[in-house]
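This report goes through selected local features of one structure. The sequence and the coordinates are shown first, and the notes follow.

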Amino acid sequence: MSDAPPRRLEAFVVEGLPEVRPGDDLALLLAATPYEHGDVLVVAHKVVSKAEGALRRLAEVTPGERALALAREHGKDPRHVQVILEESATVVRAERGVLICRTHHGFVCANAGVDASNAPEAGTIVTLPRNPDASARALRAALPSRPAVVIADSFGRAWRHGQCDVAIGLAGMAALDDWRGRRDPAGLELRATAIAIADEAAAAADLVRDKASREPAVVVRGLERFVTEEDGPGAAALVRPLAEDLFA
């Protein structure tokens, strides 16, 4: 029997945060939390986007021909579609009212992450942060005890119903726990196993907050073995290159 202490995972909401507005200092709002060594702070991307001003007012958007055509075909607001196109490197698929896009970051998701929910005011939509990994690094550097930071968003999953939170920005934590080259208990070499640690932390955090209760930040405790002093390569390490995409 191993003498190592039992592994436990704890997640709790950071309470009392106000509505975040453009220009707000997120680190100042989150600094009062007593972080412990090895903590992981998971923050919903919406508050990062709002603080950074990654917002668009639909009244100021002029849709182009492609946006107009897609809007007619899929029953969408053409202004919203125009922003989706601007946030996309390419539209992977447009069918049954759904636009699956590859963002400029390399993420493949519905509507390029452009969303009207939890927007600060009517007629405004929220986009993904311009550089979520840089946002995570900046937030980590400004927080006491420098917890690892995960910026999370809800993505759909191919071949599965429902959404799950994943890491789109990351600092101070391994993105992957790569088991390739290791051996299982029977001695078989593992050739494909790489556990998406940062995504799993994001999903764990989402389980303790209510989507409609404005609880954008969660501390996950118990993952210190994956927390690093260096910021690391970020969530970019989770993006599968196009050359490895079997469906591109």
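## Asp-210

Asp-210 is partly exposed in this predicted model, with a relative accessible area of 45%. That value falls between the limit for buried, under 20%, and the limit for exposed, over 50%, so Asp-210 belongs to neither class. Asp-210 sits in the loop that runs between H6 and strand E12 (217-221).

Pro-132 serves as a reference point for Asp-210: the two are 78 residues apart in sequence, and their C-alpha atoms are 23 Å apart in space.

## Helix H6

Helix H6 spans residues 197-206 and is mostly covered. Of its 10 residues, seven are buried. The buried residues in H6 are Ile-197, Ala-198, Ala-201, Ala-202, Ala-204, Ala-205 and Asp-206.

## Helices H3 and H4

Two packed helices are described by the angle between their axes and the distance between the axes. For helix H3 (residues 65-74) and helix H4 (residues 78-86), the axes come within 8 Å and the crossing angle is roughly 120°. An angle of roughly 120° lies outside the 65 to 115 degree range for roughly perpendicular and is not over 145, the limit for roughly antiparallel; H3 and H4 are therefore oblique to each other. Their crossing is right-handed.

On the H3 side, the contact involves Arg-66, Ala-67, Leu-68, Leu-70 and Ala-71. These meet Pro-78, Val-81, Gln-82 and Leu-85 of H4. By residue type, the contact comprises seven nonpolar residues, one polar and one charged.

## Glu-73

Glu-73 is also located in helix H3. Its relative accessibility is 60%, and the cut-off for exposed is over 50%, so Glu-73 counts as exposed. Between Glu-73 and Val-83, which are 10 residues apart along the chain, the C-alpha separation is 17 Å.

## The aromatic pair

How many aromatic pairs does a search of the whole structure find? The search finds one. The pair is formed by Phe-107 and Phe-155 in an edge-to-face arrangement, with 6.1 Å from centre to centre and 70° between the planes.

Phe-107 lies in the loop between strand E5 (98-103) and strand E6 (108-110), whereas Phe-155 belongs to strand E8 (residues 148-157). The pair therefore ties together parts that are 48 residues apart in sequence. Phe-107 and Phe-155 are both buried.

Methods: Residues numbered from 1 in each chain as written. Predicted model: local features only at pLDDT ≥ 70, side-chain atom pairs only at ≥ 80, totals over all residues. Heavy atoms only, no water. Axes fitted to C-alpha atoms, helices over the stretch in contact; angles between N-to-C directions. Helix = DSSP H or I, 4+ residues; strand = E, 2+ residues; numbered from the N terminus. Parallel < 35°, antiparallel > 145°, perpendicular 65-115°, else oblique. Left-handed = near helix turned anticlockwise from the far one by under 90°. Contact = heavy atoms within 4.5 Å. Nonpolar A, V, L, I, M, F, W, Y, C, P; charged D, E, K, R; others polar. Phe/Tyr/Trp six-rings, centres within 6.5 Å; stacked < 30°, edge-to-face > 60°. Buried < 20%, exposed > 50% of the residue type's maximum accessible area, 1.4 Å probe, protein only.
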